[in-house]
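User: Please take a close look at one strand of this protein and explain how it sits among its neighbours. I am in my first year, so a connected account would be helpful.

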Amino acid sequence: MEQDAGGAPYPGRLVGRERELSLLHGFLGTVDGPGSLLLAVGDPGAGKSVLLQAAGREAVRRGLQVLRCAGHEGEQGLPFAALAQLLKPLLAAVGALPGPQRDALVCALGLGDPAKGAAGGAAEQPERLLINLAVLTLLSDAASAQPVLLVVDDAQWLDSCTLDVLGFLARRLEQEPVAVLSSARTESVPEQLAGFGRLTVPPLAEQAAEQLLGAQPDAPAGLLRSHILRHAAGNPLALVELARATAEAPSSVLTAASGTLPLTDRLEAVFAQRLAGLPEATRRALLFAAAADGPDMSAALLAASASSTGPDGGVGAWLIAEDAGLVRLESGHVTFRHPLMRSAVYRTASFAERRRAHLALAANLASDPDRRAWHLAAATLAPDEAIARALEDTADRARRRGGYRVAAAALERAAELTPDPDNRSRRLIDAGALALRAGEPWWVEKLATAALALTDDPALSTAAALQAGWSLAATTRQKAALAHLLPLAADRVRSAPDVALKAISVGAIVVYNMGDESCRRRVLELLDAIPAGAGGLVQEGWARAGLDPFGDREGHLRRLAGSLATPDIGYEALTTLGGCAWVLDETATAIRVLSETIESLRRVITAGSNATVGQALALAQFESGAWEAAQASARDAHRVAVENGLDMAGRAALYVSAALCALRGETGAAGELIDRAVAGTYPAESRALQARARTVRAVIAAAEGDHERSYEYLRGLFTAGPDPEPLHYHASYYAIADLAAAGVAIGRAGDAAAVVASAGRRLAGGASPRLALLLLRARALLSPDEEAEKYFAAAVGDPAGDQWPFERAVTLLEYGEWLRRRRRAPDARVRLSRALTVFEQLGALPLAARTRAELRACGLVVSGATEPSGGLADLTAQQLQIVRLAATGLTNRQIAERLLLSDRTIGFHLYQAFPKLGVTSRAQLRDTLARLGAV
């Protein structure tokens, strides 16, 4: 296992360092010729050492002899300390050196006195020239047998004697197969290495930083994640260490007046060492700047000036800090050169020093009650109701502006400063409600758990239990969520039916995800026990539709329409109604409502897009044939879900991406995505997801020509026996027509017919128009000729089917195939042409190819715009997509990130595609694709 660029384990590669590794590999290719010199420079923690380690491993793999040393700050005063480390593997050859050189080197390395000194008395200090010549000879002799790479890390801390040797070597290695690869901090490059070529190691790009942070054992989410990314500023060491340091950090620390993050000892040492030796006035001025958030910097400058005793009003202190490279001074504003330097300044100060700074800042912020409240809170350790009330007022103002995360953090800090337990619990619950709006399930759970531990008040306990249930439901802990919600609902059905309905409404989401029939019936019984009109129409409508979508369809639609007609409905209710419309196959309504919700969320300052809304919108867009929009919605929803820990929403979004890839012929990507979607889930707690995963895997198997396996995946959506039951009471039915088609294809039509007949009986009177059309298609495929056409005609003739163009096109394709086999080519061509238009528009390449083959069999010559030509005809759809992206100049890593694949998969597909296209390098791709008309 390699180490990532920050030193933390990360399997197989360095995150975000493809460019640097490529340059290093190119550098290693020059070692067996004239000597080469390369110096990697970057900030502390940028990953220079890990890059050198990776280069050393690659050099060994290429057959080079690698000699290593590293500078240490504590050994800078020890002559030749690093040189001794570097030459250790060659010491056995020292005896073969010319006498004067041998004696000088032996003495320099402390290996014993030279011969003349052994007879008596200490040897004289050898001449530097002899030492340098000895090292050059030693390396030259070693390189004659095997090229040599010197890897010298942290050159800024090398002792001066070793640096002199390296400088001497650098001027004399031109004709030797010896290379030197070194590293140094940007601001501390030794003058002896000034002639080396430079490899700049910059901060990680945003996407790579997010990936590295997400790979950590305690990967943060939500507000904490965004703070770490901002403070780390792409520094790999900072990303790794901050993830470790903040694993148990309270949320309120992130939005306190200081806005700093806790540091590990390792990270603090890296940044704090630059503070050593600064004058006290400069350290004090820096602390004022560190304690201030961006908007408070003017107050910090005033406070620092007031505390200065010098005639220049403290300007000199700032100038010293700028000269030390710690801050920038621009137009009367102070900016830390790295956000973590700010944290280091703040964390290395004592609490008493920090308290004085915050009080001074608060005194200068009398006109800004929000910032003043945070500084007063940062200056106290004991409970203080006055400050708590000020923070509560701050939270209220932030909430009205849409800043739910900021408001939740303010209330959490207010709760910490609240003396009364019940009042503290109330503030925690209010904070939890805001964190829930921000989509932060782990934070909500933490706040709810703390509130439950503080109070016996029934109303407060109930509110906390509801929040805890939601937080569990948003993750994969489905049974734990029901353990919170169902007892609460059962206990409140009579005494507080509105509370019971709230618990059931959240519980309905869990039951839908789990698909457990006994749980579903239990919750339906509780719902039926709630008196009519006891709760909100929105919650009741979702609960009934989500738990029993095929029962009382008219009632479901009536409640949905009534709820949507409510004036000034909030986005939370719109989210619920969008999900209700989706589960009832009111697809157009779902898209309209959920799109409106997304736009509403984007207008709120800090809420951003919501993963729960986004994944539901992606599902509806996918089913409506808006595949590009569905892909965009799914990617956005997955990103937000990962950031905030909304696990179930993230998995649903991955399913949409997987389904799209599968239907477009990108089977490798589809398989990887659906594996990620179900990884770590228990089938009994995620039947909805398992059902969808089966449909994707069935499409993949069919595309690979394994129709038996495809049928088995689809058949697994229903139980065995004479009256098959669905694996999931809702999701299983949408594959019923595909199951019939697969059964016919492999000669198991009888078994498929039993499933279709059972599904028809169970859905009788409650099926949506969409499901009714799917049942017609299934019956057409399974019926004898005299009945099949009746079903086909009904399935393609119902105008309601235009809402689901892909499903309509599949039916048209199968109808056209049926007509062609009965020698009715003119009728078949009409249906097939309509189907082909849809498949080409959607990019469903496998089905488009199948349709064209049928049209050719009907005597019609077709050549679609998306059909490959020339050498492209041998490429799979996924290979074609990858080579097109590679032709634009994207690296394997960039293509992998865009397609949600691994680097290795991209490389494998390019390896297969190049011979088919007749190219040998990426540079030839653009011209080749242009010639073939595929750009």
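Analyst: In this predicted model, strand β1, which covers residues 37-42, is joined to strand β4 by 6 bridges, and the two strands run parallel. Strand β4 covers residues 178-185 and is the part examined here.

The pairing with β1 can be followed residue by residue. Leu37 stands opposite Val180 in β4, and Val41 stands opposite Ala184 in β4. Strand β3, made of residues 148-153, is also a partner: 5 bridges join β3 to β4, again in parallel. Here Val151 stands opposite Leu181 in β4, while Val152 has Ser182 of β4 as its bridge partner.

Next comes the question of cover: how many residues of β4 are buried? The count is 8 of its 8 residues, and the strand is thus described as mostly covered. The side chains of β4 point in two directions. Val178, Val180, Ser182 and Ala184 point one way, whereas Ala179, Leu181, Ser183 and Arg185 point the other way. The residues of both sets are all buried, and the second set includes Arg185. The partner strand β1 is likewise mostly covered, with 5 of its 6 residues buried.

The wider setting is an open sheet of 5 strands. The strand order is β2-β3-β4-β1-β5, and the pairing is parallel. In this order, β4 stands between β3 and β1. Strands β2 (65-70) and β5 are at the edges, each with a single partner strand, so one side of each has no neighbour in the sheet. From one strand to the next, the twist averages 20°. On the far side of β1 from β4 in the strand order comes β5, which covers residues 197-200 and is joined to β1 by 4 parallel bridges. One of the pairs between these two strands is Ala40 with Leu199 of β5.

A helix also belongs to this picture. Helix α6, residues 128-145, lies across β2, β3 and β4 and runs at about 130° to β3.

How does the chain connect β3 with β4, and what is the handedness of the unit they make? Strand β3, helix α7 (residues 160-170) and β4 make a right-handed β-α-β unit. The loop between β3 and α7 contains Asp154. The phi of Asp154 is near 50°, a positive value in a residue other than glycine. For comparison, most residues other than glycine have a negative phi. Is Asp154 buried or exposed? Asp154 counts as buried because its relative accessibility is 17%, and the cut-off for buried is under 20%.

A second aspartate with a positive phi is found elsewhere in the chain. The phi of Asp552 is near 55°, and Asp552 lies in the loop between α26 (537-547) and α27 (553-564). At 47% relative accessibility, Asp552 counts as partly exposed.

To summarise, β4 is paired in parallel with β1 and with β3, and 8 of its 8 residues are buried. Strand β4 also forms part of a right-handed β-α-β unit together with β3 and α7.

Methods: Residues numbered from 1 in each chain as written. Predicted model: local features only at pLDDT ≥ 70, side-chain atom pairs only at ≥ 80, totals over all residues. Heavy atoms only, no water. Buried < 20%, exposed > 50% of the residue type's maximum accessible area, 1.4 Å probe, protein only. Pairing = 2+ DSSP bridges. Right-handed = clockwise from strand over helix to strand, strands pointing away. Axes fitted to C-alpha atoms, helices over the stretch in contact; angles between N-to-C directions. Contact = heavy atoms within 4.5 Å.
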